[in-house]
Amino acid sequence: MFGLEKRRRLGDRDYRVDTVVVRGNAAAATFSWTTGTGDRVTWGQALILRDGRIVHMQDFTNPAKALKAARP
């Protein structure tokens, strides 16, 4: 059991994509969800793209750092 399936079984809900930014060959996405205990969790990913495909991806527990990292 992985990813969203596991989170749903733990009671997580209300998944949101909060921000998507594309800058040249770099992109970032930030998203959030509510845990089974009612806490709001935020997360971010920075992506490097080549020919429309993801060639590198990095996770960030601080979404602002993901947005900062998405620089061409």
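The following exercises, each with a worked solution, concern the sheet, the salt bridges and the largest pocket of a predicted model.

Residues are numbered from 1 along each chain as its sequence is written, and side-chain values use heavy atoms, with hydrogens and water left out. Because the model is predicted, local features need pLDDT of at least 70 and side-chain atom pairs count only at pLDDT 80 or more, while totals for chains, interfaces and linings use all residues.

**Exercise 1. The sheet**

Task: Determine in which order the four strands form the sheet, and which strands stand at the edges.

Solution. Step 1: Helices (H or I, at least four residues) and strands (E, at least two) are DSSP runs, numbered from the N terminus. Two strands pair if DSSP finds at least two bridges between them.

Step 2: The four strands make an open sheet in the order 1-2-3-4, with antiparallel pairing. Strand 1 and strand 4 (53–60) each have a single partner strand, so they stand at the edges and one side of each is left without a neighbour in the sheet.

Step 3: On average, neighbouring strands of this sheet are turned by 20° against each other, direction ignored. The angle is taken between axes, which are lines fitted to C-alpha atoms (for helices over the stretch in contact), and runs from 0 to 180 degrees between N-to-C directions.

Step 4: Strand 2 and strand 3 (residues 40–50) are joined in the antiparallel sense by nine bridges. Alanine 28 has alanine 46, in strand 3, as its bridge partner.

**Exercise 2. The salt bridges**

Task: State how many salt bridges a search of the whole structure finds, and describe three of the pairs.

Solution. Step 1: A salt bridge is a side-chain nitrogen of Lys or Arg within 4 Å of a carboxyl oxygen of Asp or Glu. The search finds four of them. Side chains of opposite charge can pair when their charged atoms come close.

Step 2: Accessibility is described in classes: buried is under 20% relative accessible area, exposed is over 50%, and partly exposed is in between (1.4 Å probe, protein chains only).

Step 3: In helix 1, arginine 9 and glutamate 5 lie four residues apart, about one turn of the helix. Their closest N and O atoms are 3.1 Å apart. Arginine 9 is exposed at 60%, and glutamate 5 is partly exposed at 40%.

Step 4: Arginine 7 pairs with aspartate 12, with closest N and O atoms 3.5 Å apart. Arginine 7 is partly exposed at 33%, whereas aspartate 12 is buried at 9%.

Step 5: Aspartate 14 and arginine 40 meet at 3.0 Å, N to O. Aspartate 14 lies in strand 1 and arginine 40 in strand 3, so this pair ties together parts that are 26 residues apart in sequence. Asp14, Arg16 and Arg40 are linked in a network of salt bridges.

**Exercise 3. The largest pocket**

Task: Identify which residues line the largest pocket, and which elements each supply at least two of them.

Solution. Step 1: On a 1 Å grid over the protein atoms alone, a pocket is an open set of points where a 1.4 Å probe fits, with protein on both sides within 12 Å along at least five of seven lines; lining residues have an atom within 4 Å of a point.

Step 2: The lining consists of Gly3, Leu4, Arg7, Tyr15, Arg16, Val17, Phe31, Ser32, Trp33 and Trp43.

Step 3: Helix 1 (3–9), strand 1 (13–23) and strand 2 (26–34) each supply at least two lining residues.
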